[in-house]
Amino acid sequence: CSSDLGTSALAVKAAKRAIEDAGIAPEEIEIIVLATSSPDRAFPSAATDVQAAVGALHAGAFDINPDNC
């Protein structure tokens with residue numbers, strides 16, 4: 001991975017690979033939970049970037065940030 005990739009970009013790469021490995025359609029995903037202590041920004045969540053990038057149109061999406069717990 002390149003050092004210029006942020007959390008969202010890395011998560012999108014991982015999600016696309018996971019979708020391919022699972023052999024499912026993005027529309028089948030029900031929820032995206034992204035846990036990170038280094039988000040790209042506070043709002044909107046990185047999980048919504050992943051949701052849009054992979055085409056998980058029906059999925060709920062949110063971040064968990066342990067720094068705020």
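1. In strand S2, Asp-63 is the bridge partner of Leu-34. S1 (31–35) and S2 (residues 60–64) pair in the parallel sense over 5 bridges, where pairing requires that DSSP finds at least two bridges between the strands; strands (E, at least two residues) and helices (H or I, at least four) are DSSP runs, numbered from the N terminus.

2. This is a predicted model, in which local features need pLDDT of at least 70 and side-chain atom pairs count only at pLDDT 80 or more, while totals for chains, interfaces and linings use all residues. Residues are numbered from 1 along each chain as its sequence is written, and side-chain values use heavy atoms, with hydrogens and water left out.

3. The largest nonpolar core (buried Ala, Val, Leu, Ile, Met, Phe, Trp, Tyr and Cys residues joined through side-chain atoms within 4.5 Å) has 13 residues, and Ile-29, Ile-32 and Leu-34 are among those with the most contacts inside it. Helix H1 (7–22), strand S1 and helix H2 (46–54) each supply at least two residues of this core.

4. The buried residues of H1 are Thr-7, Ser-8, Ala-11, Val-12, Ala-15 and Ile-19, buried meaning under 20% relative accessible area, exposed over 50% and partly exposed in between (1.4 Å probe, protein chains only). Because they cover an arc of only 125° around the axis, they lie on the same side of H1, the arc being that of the directions from the helix axis to the C-beta atoms.

5. The face of H1 turned away from its buried side carries the exposed residues Lys-13, Arg-17, Glu-20 and Asp-21. After H1 comes Gly-23, whose phi is positive, near 70°.
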